[in-house]
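Here's a quick walk through the model, one feature at a time. Keep the structure open and follow along.

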Amino acid sequence: MLLEALKKKVNVAPTSSAGRLFDAVSAICGLCARSSFEGQAPMRLEGAAARIAAGTYPFTSPKKAGNLR
């Protein structure tokens, strides 16, 4: 149903902001379907992620590893 709505451009607003991605993920996860202030949905998503996070994963910056010129 979602893919069909996207294909038909139903309730789709073009945006250049990556923040809308976090708004969408938060809504899909059932965390915030309607925001009362800017950033509310991403804040709820971040809070949910912090509660279920199992830890971190190792990461080395390419610059520190000497792979970036």
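## A charged residue out in the loop

Start with Glu38, which counts as exposed because its relative accessibility is 65%, over the 50% cut-off. Its side chain isn't left unpaired, though: Glu38 meets Arg20 in a salt bridge, at 3.0 Å from N to O. That pair ties together distant parts of the chain, since Arg20 belongs to helix α2 while Glu38 is in the loop between α2 and α3, 18 residues apart.

Before going further, keep in mind that this is a predicted model, so read each distance and percentage here as computed from that prediction.

## Arg20 and its other partner

Which residue besides Glu38 pairs up with Arg20? That would be Asp23, and the closest N and O atoms of this salt bridge are 2.7 Å apart. Asp23 and Arg20 are three residues apart in helix α2, so about one helical turn separates them. Arg20 itself is partly exposed, at a relative accessible area of 33%.

As a bit of background, side chains with opposite charges can pair when their charged atoms come close.

## Charges at the start of the chain

How many salt bridges does the model have? The count is four. One of them joins the side chains of Glu4 and Lys8, at 3.9 Å from N to O. Lys7 is in on this too: Glu4, Lys7 and Lys8 are linked in a salt-bridge network.

Glu4 and Lys8 fall into separate exposure classes. Glu4 has a relative accessible area of 37%, so it's partly exposed. Lys8 comes in at 60%, which makes it exposed.

## A greasy patch on the surface

Now for the nonpolar side of things. Leu2, Leu3, Leu6, Val12 and Ile28 make a nonpolar surface patch of about 540 Å². Helix α1 (residues 2–7) gives the largest share of that patch, with three residues.

Take Leu2 as an example. Leu2 sits in helix α1, and with 56% relative accessibility it counts as exposed.

## Helix α3 and its two faces

Helix α3 takes in the 13 residues 40–52. At 1.5 Å a residue it should span 18 Å, and its end C-alpha atoms are 19 Å apart, so the two figures agree.

Is Leu45 of α3 buried or exposed? Leu45 is buried, and so are Gln40, Ala41 and Ala48. These residues cover an arc of only 140° around the axis, so they're on the same side of α3. Among what covers the buried residues of α3 is helix α2 (19–28). Look at the face turned away from the buried side and you'll find the exposed residues Glu46 and Ala50.

## The whole protein

Zooming out, the protein has three helices and zero strands. Going from the N terminus, its elements run α-α-α.

What percentage of the 69 residues counts as buried? Just 9% of them do. The accessible surface adds up to about 6,400 Å², and carbon and sulfur atoms account for 60% of that area.

Terms used:
Residues numbered from 1 in each chain as written. Predicted model: local features only at pLDDT ≥ 70, side-chain atom pairs only at ≥ 80, totals over all residues. Heavy atoms only, no water. Helix = DSSP H or I, 4+ residues; strand = E, 2+ residues; numbered from the N terminus. Expected span 1.5 Å × (residues − 1). Buried < 20%, exposed > 50% of the residue type's maximum accessible area, 1.4 Å probe, protein only. Arc of directions from axis to C-beta. Contact = heavy atoms within 4.5 Å. Patch = residues over 30% accessible without salt bridge, like charges linked within 9 Å, V, L, I, M, F, W, Y side chains within 5 Å. Areas by Shrake-Rupley, 256 points an atom, 1.4 Å probe, with all protein chains shown as cover.
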